Amino acid sequence: MSWTTVFDVIGGVCLLLGAFLCLAGAIGLVRFPDTLSRLHAATKPQTLGLILILTGLAATLRTWSAVTTLVLLAATQFFTSPVTAHLVGRAAYRNGNVDESTLEVDELSDALERSGWDPTK
């Protein structure tokens, strides 16, 4: 067995695992009941799934230009997805779209009260 075959098998496995994680995230996005759970489903498995897909592509393509482009894509996704989910979660909380009975710890309400934020404005 040659190294080309080994890298192709590794790439195929990473592609399949990444596709499965993206599918699981999409199902969770549709099935979960509230905003924060949906944000979890939209960020955690999607980010790991995309990074696995990009790893599979890098193992399959094996050119420096493709690998550097895929690394830049993975880094961008890795850094922007959690920040976006955080901002969407805060906006949902401020608009009252979060079921507060499902929260175990609510640190944002104390911070908003100290800042003088009024939800009726």
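In this short talk I will walk through a few features of the structure above, which is a predicted model.

Let me begin with helix α1, which covers residues 3–31 and holds Ile10. Together with Trp3 and Phe7, Ile10 forms a nonpolar patch on the surface, and the accessible area of the three together is about 350 Å². Ile10 itself has a relative accessibility of 39% and therefore counts as partly exposed, because that term is used for values between 20% and 50%.

Helix α1 also takes part in a salt bridge, in which Asp8 is paired with Arg62 and the closest N and O atoms are 3.2 Å apart. What I would like you to notice on the structure is where the two partners sit, since Asp8 belongs to helix α1 while Arg62 lies in the loop between α2 and α3, so that the pair links distant parts of the chain, 54 residues apart. Are these two residues hidden away or not? Arg62, with a relative accessible area of 36%, is partly exposed, and Asp8, at 35%, counts as partly exposed as well. The count of salt bridges in the model comes to one.

Now please move to helix α2, residues 35–61, where you will find Thr43. Thr43 has a relative accessible area of 13%, and it is buried because this value is under the cut-off of 20%. A polar atom of the Thr43 side chain lies 2.9 Å from the backbone oxygen of Leu39. If we leave aside residues up to four places away in sequence, Thr43 touches Ser81 and Ala85.

My last stop is helix α4, which runs over residues 107–115 and has Leu108, Ser109 and Leu112 as its buried residues. Why can we say that these residues line one face of the helix? Looking down the axis of α4, we see that they fall within an arc of 100°, and so they line one face. It may help to recall that an α-helix has 3.6 residues a turn, so residues three or four places apart point the same way. The buried residues of α4 pack against α3, which spans 64–94, whereas Glu107, Glu113 and Arg114 are exposed on the other side of α4. Just after α4 comes Gly116, which takes a positive phi of about 80°.

To close, I would suggest that you trace two things on the structure yourselves: the salt bridge between Arg62 and Asp8, and the packing of the buried residues of α4 against α3.

Terms used: Residues numbered from 1 in each chain as written. Predicted model: local features only at pLDDT ≥ 70, side-chain atom pairs only at ≥ 80, totals over all residues. Heavy atoms only, no water. Patch = residues over 30% accessible without salt bridge, like charges linked within 9 Å, V, L, I, M, F, W, Y side chains within 5 Å. Areas by Shrake-Rupley, 256 points an atom, 1.4 Å probe, with all protein chains shown as cover. Salt bridge = Lys/Arg side-chain N within 4 Å of Asp/Glu carboxyl O. Helix = DSSP H or I, 4+ residues; strand = E, 2+ residues; numbered from the N terminus. Buried < 20%, exposed > 50% of the residue type's maximum accessible area, 1.4 Å probe, protein only. Polar contact = N/O pair within 3.5 Å; in protein donor to acceptor, adjacent residues only side chain to side chain. Contact = heavy atoms within 4.5 Å. Arc of directions from axis to C-beta.
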